[in-house]
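Trainee: I have this one open on my screen and would like to talk it through with you. Please start with how the elements are named, and then we can go on to the details.

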Amino acid sequence: MKNRALWILLIILFFVAGAVGSYFLMKYIIPAANHTAVVAPEQQSAEAHDLIAVRILLPRDKKLEMQERKLKRRIRSIDFAEAVIEQFFKEAANEYAIPQNVKILGIYRDPNQVLYIDLSDELRSNFQGDALDEYLLLKGMYETLLSNVQDFQDLKVLVEGKEIETLGGHFFLKYPLKNIVLPELKAESATEHE
């Protein structure tokens, strides 16, 4: 009976010591490790060389507005394309006509150099705009990627891994975007030659 009481007392002491140790670990040791360290000037310049300027074309006031941002350089072009389109949708926090809370579910490329962007359903459910807003959103995505990522020929938008007929009811999205966003350029070049 005495041994049993001694074992129960030892188990209780063990749990109390573990709780106190966990408390001090969480309160003092882990937060101290999360403090940002002072970065040496040499290290700052090396980090600056890892950044690359990108052009983000955002729909605003019924036209596309170009913004420059610095993003971390990526080795794979797919990773870079994902970072660029992520930045495009991050700008939704501002007053741009971009749906809020859109998540990138994946970016893929097929053998024909068509880039597929798989986006969350917030793209469609949070879209509020007319035909021009929809056009500028699609053109902004296409032109942003075209001006920053060189190795793709066309862009296809997927929502939750599936093709969608339309984003806001104005443009047919079963096909890649090149033919949707470029007719304006073809019309402009035809009037320039006259």
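Mentor: Helices, which are H or I runs of at least four residues, and strands, which are E runs of at least two, come from DSSP and are numbered from the N terminus. Please also keep in mind throughout that this is a predicted model.

Trainee: Okay, what does the chain average in pLDDT?

Mentor: The chain averages a pLDDT of 79, and 78% of the residues score at least 70.

Trainee: And where is confidence lowest, and where highest?

Mentor: Confidence is lowest in helix α7, residues 183-192, where the mean is 44, whereas strand β4, residues 114-119, has the highest at 92. There is also a stretch over residues 33-39 with pLDDT below 50, and beyond near neighbours in sequence this stretch has 2 contacts in the model. Over residues 185-194 the pLDDT likewise stays under 50, with 3 contacts beyond four places in sequence. Where pLDDT is low, the predicted coordinates should not be read in detail.

Trainee: Switching to charges, how many salt bridges does the structure hold?

Mentor: The structure holds 10 salt bridges. One of them joins the side chains of D130 and K62, with 3.6 Å from N to O. D130 sits in the loop between α4 and α5, and K62 in the loop between β1 and β2, so this pair ties together parts that are 68 residues apart in sequence.

Trainee: Which residues are linked with D130 in a network of salt bridges?

Mentor: K62 and D133 are linked with D130 in that network. As for accessibility, D130 has a relative accessible area of 36% and K62 has 47%; both values lie between the 20% and 50% cut-offs, which means that they count as partly exposed.

Trainee: K62 looked odd in my backbone plot; what is its phi?

Mentor: K62 has a positive phi of about 65° although it is not a glycine. E160 also has a positive phi, of about 55°, and is not a glycine either. E160 is placed in the loop between β5 and β6, and with a relative accessibility of 44% it counts as partly exposed.

Trainee: Back to the salt bridges: which residue does D151 pair with, and how far apart are N and O?

Mentor: D151 meets R109 in a salt bridge, at 2.8 Å from N to O. Since D151 lies in the loop between α5 and β5 while R109 belongs to strand β3, the pair ties together parts that are 42 residues apart in sequence. D151 is partly exposed at 32% relative accessibility, and R109 is partly exposed at 28%.

Trainee: What about E122, which residue does that one bridge to?

Mentor: E122 forms a salt bridge with K103, and their closest N and O atoms are 3.9 Å apart. This pair links distant parts of the chain, with E122 in helix α4 and K103 in the loop between α3 and β3, 19 residues apart.

Trainee: Last topic, the helices. At what angle do the axes of α3 and α5 cross?

Mentor: The axes of α3 and α5 cross at roughly 140° and come within 10 Å, which makes α3 oblique to α5. The crossing is right-handed.

Trainee: And which residues make that contact?

Mentor: From α3 the contact is made by F80, A81, V84, I85, F88 and F89, and from α5 by L137, G140, M141, T144, L145 and N148.

Methods:
Residues numbered from 1 in each chain as written. Predicted model: local features only at pLDDT ≥ 70, side-chain atom pairs only at ≥ 80, totals over all residues. Heavy atoms only, no water. pLDDT = per-residue confidence, 0-100. Contact = heavy atoms within 4.5 Å. Salt bridge = Lys/Arg side-chain N within 4 Å of Asp/Glu carboxyl O. Buried < 20%, exposed > 50% of the residue type's maximum accessible area, 1.4 Å probe, protein only. Axes fitted to C-alpha atoms, helices over the stretch in contact; angles between N-to-C directions. Parallel < 35°, antiparallel > 145°, perpendicular 65-115°, else oblique. Left-handed = near helix turned anticlockwise from the far one by under 90°.
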